[in-house]
Structures are given as C-alpha cells and as structure tokens.
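Me: I've got a structure open and I'd like to learn how to read it feature by feature. Can you walk me through it?

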Amino acid sequence: MQNKGAIRFFTTVLALVSVYQLLFTVFSQKVERDARDIANGDVRIERSYLDSMKGEVVYNVLFKKYTYLECKEREVNLGLDLKGGMNVILEIAVEDIIRSLAANQFLTDPVFIETMALAHEKKKDSQSDFVNLFAEAFEELNPGGQLAQFFMTPETRGDIDFNTTNDEVVTFLKVEAEDAIDNSYNVLRNRIDRFGVVQLNIQKLERQGRILVELPGVKEPERVAKLLTGTANLEFWTTYQASEVWNYLDQANRTLADILREDGITEEIADVEAGEATIEEEAQAEEDLLAAEDDLLLDTLGLDLLTDLDTTQVFDDQETQFYRENPLIAVLTPYLDNARNFIPGSTVGVVLLKDTAKVNAYLAIPQIRQLFPSDLKFAWHFQPQGEEQNFIRLHSLKSTRNNQPVMEGKYVTDARVGTDPYTGEFNVSMNMNSEGAKKWANVTRENVNQAIAIVLDGLVYSAPNVSEEIKGGSSSISGDFSQTDADDLANILKSGKMPARARIESSEVIGPSLGAKSVKDGLNSFLIAFVVVLAYMLFYYSRRAGMVADIALIANMFFLMGVLASLQAVLTLPGIAGIVLTIGMSVDANVLIYERIREELAAGKNLKTAIKDGYRNAYSAIFDAQITTFLTGLILFFFGTGPIKGFATTLVIGILTSLFSAIILTRLMYERMLAKGTNITFDTKVSRNAFKNTKIDFLGKRKIFYIISGLIIAGGIASLATKGLNTGVDFTGGRNYVIVFNQEVETTDVQDQLTAAFGLTPTVITYGSNIRVTTKYLIDDDRPEVDSIIKAQMFEGLQPFLDDDATLDEFINGQDYIISSHKVGPTIADDIKRTAILVIVASLLIIFLYILARFRNWQFGLGALAALMHDVLIVLGLFSILDGIMPFSLELDQSFIAAILTVVGYSINDTVVVFDRIREYVGLQKKRERKDIINTALNSTLSRTFSTSLSTFFVLLAIFVFGGDVIRGFAFALMLGVIVGTYSSLFIATPVVYDTVKGDETTRILKGAVRK
C-alpha cells in the first residue's frame, strides 16, 4: 500500500477535526444537563440558569475560548422533528403587488377582475410565476389588448406609458415583484432575528415569492404565525429631545424606588444583581417584574429582544445601595457626549440587553406611566450596539392626538442608495407619491431641527434630523452610513411601498414532547442496529477480521458525525435513519473485500497476497455499487426539502466516510497485523462452507420468476387501479393534527364528532398511543386566523374526550393536546407531486446512463432499468394492497419518495455487483457457454448478497421496531425494498440482459463489456 504516511496523517487530522467539532456539542449538552438537574422540572429556573451561562466560557482549546452560546451555535443541529419547533413555507402574495401598482380606477374594472381570477385558476396547475400567468390570462381574455392601461399612474411615469408593450409591462411587474419579495424577506428576517431563537433558518426558495422559515423550540406557534403573515408596518414618528424627557425620567426614578421598596421587590432584584439570590429567587423576581401590562413602550408586535435576567454581574455593597435608591437610572444610562451634555436627537439613553426586561416592566407600571406626557412613547432601536453588541438605545417618540404616528409608510414609492458627490458618503434618497409629498412637507415644516424617527414593526431604524421643509416628496437621508447600513435603510423604507401579504402555504409544528420521543426512538434504533451489525461481522468473518470491520464501522460513525458537525448540517429523524442505513450499507464494502479475500485464499494464495489481491479485485464492484447509491443521494439532496434533505445529507456523507473507513483504514490495520505476523482468518466454522459450490440454475428458472413477478405486479396494478394509494397531505393538501387524549377513545367516535364540527368527514387513525386527524377543512382559506378557527372547531367537537378543566386557549396555544400539526396548501401539494415524479424519473435515467457508460452496452443498462422498475412497481403495489391491513399507516408522503429512491439505490447496488462479476468472468473464461458464465457469476456472489442483504435488513428491522411511529412506514418501505431489490438483482436484472441479446451475439456483447 503506497503513501501510508500521508494516509496516516490525513486520518489523524480528520480525527482531530471531528473531535474538535463534536466537543461543541458535548460541552453545550453538559451545560443543559446541569440546568435540568438544578431546575428539577421548573422551566423558569432552567431558562434562567441557561441565560446566566450564555457568556461563560465552557470550552477552551489551544488559544481559543468558547462560551456556552458560541458552543450552542456550533453544535450538531437537530431538526425540528427531533427537538420541536415550527417549519413554515410562506408565499408572498404577488397579486397584492400587482393590485398596488394598478391605477385605482381599474381595481373595480371587470376586465382587471376577470384577469386576476383567471390567473388564480391557472396558478393551481402551473409552475409559472404569477406575473406570467396574469399576462397569459389577459391575452386570453383580451387578445391584442394593452396591459399598460392598468398601470399608468404618477408613480410609474417614466416606466410605463401608452407605447409600452405587454412584454415590457411584464418585465416591469417582475422587477417590482422581486423588489417587494426582497423587502418582505428583509422584514421577516428582522422580525425572526428578534425571537431570540438559536439555529433559526430563513431562506428564499426557487419558486417566486416563497420563503422557508424554520424556528426551533418555538412554544407559541399561533402567535408566530400571525407575526409572520402580518404586513410590514412602516411609520414616521415625530420625537422628543432627550433633554426634555429626562425631567420625567428623574421623577420616575424616585417614584419607582418608593413603589418597589413598598412592594418588597427591590430587595429581590438587588440580591439577584449582587449574585446572592438563588436561581429560584431570580426566576421569581423576573416574573414579578413582567406581571404588568406595557403601554408606554411602542408595540413591537410581540417580537421580544433578549430580555432575560442575567446573574453574571456582581456589585459591591455601595453599588447595590445605589441600585436600590435609583432602580431606573441604574439600568438606563443617559445618552451624553464627552462634555456630559445630552446628544441632540431622540435617543434618551442606552440599556444593556440583559436589562431591557426590567426597563419594559418599570415603564409599564401604571404609577410610572402617568408621570409622562400622554403623547410620549418609548421605542427600542432595532439592533444592539457596542463592540460586544451588548447594549441598545431607547428612543422617545411623540404621537398625534389619536395616539398614532404622524405619517404612515404607505406613501413611500421608492428608496435608493446614493453617494454624496463631494464627500463620497453614502445616503438614501426617498420618494413619496403626491398625497404623501403634501403630508411630508407639513411634517418637515413643523419639525425643523427635530428628528423624525423611521419605525418598522415598533422598532426605530433611523432618526434623521430635519434641516428644512421638504417639498415635492423627494428627500435625502444622510448620516455616518456604511454601504450595508444604507442598503438596509433603503430596504426598510421600501417595505412600506407595497404591503403584500405573506400566506402560509405549508407549515409543520412539532411539540417538544414529540421531539424528545423521536430522539429517544431514533437513538434506540441506532444503537440496536449498530450492535447487531458489529455482532454479525464477528459471527460471520471471525474474531480478528470481524474486529477490523467493526473498528472501521465505529470510525465511520465518528467521522460521519464529525463532518456533519463541521458542515453544521441538520440532523433529522430521517437523517438518523440515513445514518442507520449507512451502517448497513457500509458493511457492503467490507463484505465485498472479505469475500474476495476468501476466494483468493481458496485459490491457494498466501495470506499477504490474498489480502492484496482481494482489495484490488473488490475495488471495481465497491465503487460501482457506492457511486449509484451516491447519485441517488445527490438527487434527493438537490430536490428534497426539510427532513428529506437531512436524510440525503447523512446518506451522501455516510457513503464517502464508509469508503474511506472500509478501504483505507482496514487496509492500514491489515498491513500492521501482517507486519507483526498475526494469523488472520476470514471465516468461522458456521460460515466456512456457506454458499460454496452452489450451482443454482438461475437462467434456467428465469421464466418461473418472470411469472411470479408478473403476478405480483399485476395484483399491485389492479389494487392501484381500484383501491389506489393512501396519499398523505404532502400530495393532496390538507392538515394533520396529532392529538393526545388522557382517556381511551375510539377513532370512529372522534371522526363522528369532528364530522359534525367541520361539516366535512376527516380521516382519523391511531398514531402510536395518540390519534391523528387529517382534514381539508378550510384548506383554501388564507386568513391569518384560520388555524385558530379550525382548532376552535376541533375543541368544540372533541369536548366529550378532553379533560373537564381543558380550556380553548390551552387547546389552541398550548401543546398538551395538539403535539404536532402539519399543513400543506394545494399549490405546495402540486409542487411536491411534480417534484416526486421528476426525482424518480431523473434517478432512473441517471442510473441507466451510468450503467451504460460503465459497462459499454445498453443491454446492461436495460437490465438494471427493468429491475428498478420492477422494484418500484412491487413496492407501490404492496403499499396499496397492505394499506388498511397493516397495524400502522402506509401513507405516501415525501419520506416515501425518499424510501423509493433509497430502494432504487440499494437495488442497483446489488445489480452492479452481479454485473461486475459477470464482466470479470467473461474476461477469464472466454470459451465457456454464456449461460454457464452468467450462472457461475450469480452463484459466486450469493455469499456477498446474503451477508449484505441480511445485515441491512436487520438494521432496517431495528428502525422499524424501535424507530417510532413517525418513521415506521418509511422503514417498512425500505424493508420491502431490500427484499425485492435482492430478488430482482438475482432473478430479473441479469436474465433480462441474457434475453435481450441473441445467439452468439451475447458472448460478443458480454466480452465488449470487459473492455476498459
């Protein structure tokens, strides 16, 4: 073996990197385990402890120190199905954008209304974007008509006139739509960033207007859904000068000290700040502070800053006394210049992030609120500042008589980034429509030398000073802007331009209890499968050879997890299944090598030569088999989403680490053992004579197996034609709810009650120890509150089965009853169906082309394709036949498509190994009959086929039995696939190759496959 030193060096580096990456998870989990031990079930105490550890160093490696929060951000990411949370696909309503661009007189025009309606109908069955569908609908209804007539407004002057062609209008609408979508994306990102969620994910999807949002650990999905679907709330507020407000703040500080002293809260808080309070006392102090209703602070739509108490700062006695006498000033520092004068503007002070909860609570106390003018509102800046981003500014705003901003953002028509021609500094130019220009002129005239705050969703993004009255609606905002700052401000200003709705097209909510159960089930299946495979290798291939394979398998798992951690890949429940499947499939490389070594030993070669030749002769089959599965994994990765992408990620990485471990690491170990003169055997008494000298006439019996397969496929097709498949909401659209009942209930009773509540019969099945309800009730309703309406109807219908003290609020917003929900809108369902068909067809085509290129003959590709079609049809047919018979759900969803593609990869893996052996035997036994050559090749691979298929089957059986209800149907499909795939590789693929060539031409073609 060449380059041993380089290989050892690479292995060492890979191992060290894996350890380095995995330790982030180890240390963050240790902190969380300590929090659970201290809290003893009290969520408030656990949260307070974790907050206090955010800035604490918990991992020290070489010259780098990592805090708990940094470790948490770098740990192995668990998917929402494992730790609970919310997954949402939002679609920005492009039709709203088109309406906002149209002239007002056309919004009630019959032609415009009919065009919009037809475009909506087209959207249900099309992948095209809405702008193109709108243009197509207009052309159908008004051949030769001009789209420009709808959009000639003062705001579009210069872009659209009577001479503008329809294509130019479409281009204009697409640009405007993309700008609005980008604005919506930025608004959503800013909102989500303030949830305080670690490892959140937001990204734009390929289809126009769609945005994916993943929020781990969200505990109020109804509130989050309303926030995500709300339109951008851009406002302009006049402001108070800081010097005006501090007179009131000083008085509030004195009054607050008296109030807190009388209520006995000050001592609790002071003890917390001094680090003398227990965790329980700290949590109680926080609860006391947050008890009041906030009305002095501007509403931030419920978007919370990082506002939890922090116990890491310690004060001496003098500082503690100051805090008790000045509770507000102790946390709100005046915004002063170096001369200790107030800095002109709306900023009254700065607050440490950890103290914002206390400021919120203090200003919410009724006795404090009445000290301030009725038109005064406080608002936080939109982002923290300082070198460590640990403090935030507080602004003072002035409302109108009706408690509203002086002006809304709907009047803004455009905002662009520019530079000052003299100084080169960045600025933002803002334009308003004619109505807005008049209002803006009045506002600026009355507020010269005052600041105007630009507020989005209750947070201040900028508060520029007005230097003079601004007429005409065009303004220039300057300041010490960076390019990024200017871009952000321009985007914020444009967010008020087109208030496009964001509709939830697909959503999934996983409760923490279900996530914890999934983790437990997944780990159980992983550990059992791992032990089974380790034991099997020892049992079948002897102690030493089995131990080498087991060490390689353990190293493979270690490297796989290290790479996943390095890439910050998301580990989902199907991802765990992918790891478990990798265990079974990674054994295949070792099995191929060991079987080859056994053949070389049987041919009379010495141990060293047999090992060397065994590895060399196994390479071709190993790489061909693994590459086909790898290609399947890549297709899943690029076309799949969510859990399916997680499955594909672990499968693809697992194949790469398997090849390295099985080929490189085991070879290094054998080289070392041979150097020491260690005696190595590759069989046991049980396996020594297994599958030796078998002479099964596979080709002679091929017609029998054709008939058997034909009958099974015919039965499956008949069932598919009459009974069909149990398609889930992924393909039909609808909602799933997994509901926990504290008493025994019958599914028929639940179905009857909900039928009366919905006026529509839902599907109700047993889901483990719970009940799952599937319904299409109000699936086309896109109102933000529709989920609450459906749950309220469910609550009424399920009253007889719920606890006596169950409330509507607990049922809708809590997670004691509904532990999981899943919604797929009709357009998403159509997309999933199209993608599923595309993925399957693409997989079959790519595999056919690979086999064609690798074996240089279309007959081999046809044989492989026939076997794959055979496997897919049988699995689909059996799913149809067995649905309703098996005691678990055989529903078709995205996971099933992943299972089908995995079956395709596994089946082609087996088939390629057989084809590879046929190719080899043709080159060695040129004078034998073609039938004998093929039969001999098939018989020679039986030991490998048995070992791989059996180990993989037991691995999948562990997933099936111990992996939990969520993944049972997925595992069942894979188990069927292994059985059918093994069968087809022996009895379908090769016989088809044999039958597709005629007479002596077969030998010529087979010989042609040998050429490199």
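Reply: Sure, let's start with a single residue. Leaving out residues up to four places away in sequence, N447 touches T238, I452 and V466. Keep in mind that this is a predicted model.

Me: Where does N447 lie?

Reply: N447 is in the loop between α16 (434-446) and β15 (452-456).

Me: And is N447 buried or exposed?

Reply: Buried means under 20% relative accessible area. N447 comes in at 12%, so it counts as buried.

Me: T238 was one of the residues N447 touches. How should I read the strand around it?

Reply: Start with the general idea: in a regular strand the side chains alternate between the two faces of the sheet. In β7, L234, F236 and T238 point one way, while E235, W237 and T239 point the other way. All of them are buried.

Me: What does that say about β7 as a whole?

Reply: Six of the six residues of β7 (residues 234-239) are buried, so the strand is largely enclosed by the rest of the structure.

Me: Which strands does β7 pair with, and in what sense?

Reply: Take the partners one by one. Five bridges join β7 to β15, and the two run antiparallel; there, L234 stands opposite L456. β7 is also joined to β12 (residues 407-408) by two bridges, again antiparallel, with F236 opposite M407. Then there's β11 (residues 391-398), which pairs with β7 in the antiparallel sense over two bridges. The bridge partner of T239 in β11 is L397.

Me: Let's try another strand. How many residues of β23 are buried?

Reply: Seven of its seven, which makes β23 (residues 818-824) mostly covered. For its pairing, look at β18 (residues 502-510), which pairs with β23 in the antiparallel sense over five bridges; E508 stands opposite H822 there. β20 is joined to β23 as well, by six antiparallel bridges, and I739 has I818 as its bridge partner.

Me: There's an arginine in β20, R735. Is R735 buried or exposed?

Reply: R735 lies in β20 (residues 734-739), and with a relative accessible area of 2% it is buried.

Me: What surrounds R735?

Reply: Set aside the neighbours within four places in sequence, and R735 is in contact with V729, V773, T774, T775, Y777, L778, I779, V786, D787, I790, H822 and K823. H822, you'll recall, is the residue of β23 that stands opposite E508. For a polar atom of the R735 side chain, look to the backbone oxygen of Y777, which lies 3.4 Å from it.

Me: How far apart are R735 and V773, in sequence and in space?

Reply: They are 38 residues apart in sequence and 8.0 Å apart in space, C-alpha to C-alpha. For the whole protein, take the contacts with a separation of 6 or more: residues 24 or more positions apart account for 75% of them.

Me: Now helices. What's a handy check on one?

Reply: Compare the expected span with the one in the model. At 1.5 Å a residue, the 21 residues of α32 (residues 942-962) should span 30 Å, and the end C-alpha atoms are 30 Å apart, which agrees. Right after the helix, look at G964: its phi is positive, near 95°.

Me: And how do I read the burial of a helix?

Reply: An α-helix has 3.6 residues a turn, so residues three or four places apart point the same way. Now take α5 (residues 94-101): six of its eight residues are buried, so it is largely enclosed by the rest of the structure. The buried ones are V94, E95, D96, I97, I98 and L101.

Me: Which residues have the most contacts inside the largest nonpolar core?

Reply: Y594, Y670, F682, I851, F879 and F915, in a core of 125 residues. Helix α30 (residues 894-924) supplies the largest share of this core, 17 residues. A second, separate core has 55 residues, including V351, F372, M432 and Y461.

Me: What is F682 in contact with?

Reply: Beyond its neighbours within four places in sequence, the contacts of F682 include Y540, Y541, Y594, L601 and Y670.

Me: And the overall picture?

Reply: The protein has 34 helices and 23 strands. Of its 1012 residues, 54% are buried. About 44,100 Å² is exposed, with carbon and sulfur atoms supplying 54% of that area.

How values were computed. Residues are numbered from 1 along each chain as its sequence is written. This is a predicted model: local features need pLDDT of at least 70, side-chain atom pairs count only at pLDDT 80 or more; totals for chains, interfaces and linings use all residues. Side-chain values use heavy atoms; hydrogens and water are left out. Helices (H or I, at least four residues) and strands (E, at least two) are DSSP runs, numbered from the N terminus. The expected span of a helix is 1.5 Å times one less than its number of residues. A nonpolar core is a set of buried Ala, Val, Leu, Ile, Met, Phe, Trp, Tyr and Cys residues joined through side-chain atoms within 4.5 Å. Buried means under 20% relative accessible area, exposed over 50%, partly exposed in between (1.4 Å probe, protein chains only). Contact means heavy atoms within 4.5 Å. A polar contact is a pair of N or O atoms within 3.5 Å; within protein, one must be able to donate a hydrogen and the other to accept it, and residues adjacent in sequence count only if both atoms are side-chain atoms. Two strands pair if DSSP finds at least two bridges between them. Accessible areas come from the Shrake-Rupley method with a 1.4 Å probe; for residues, only the protein chains shown count as cover.
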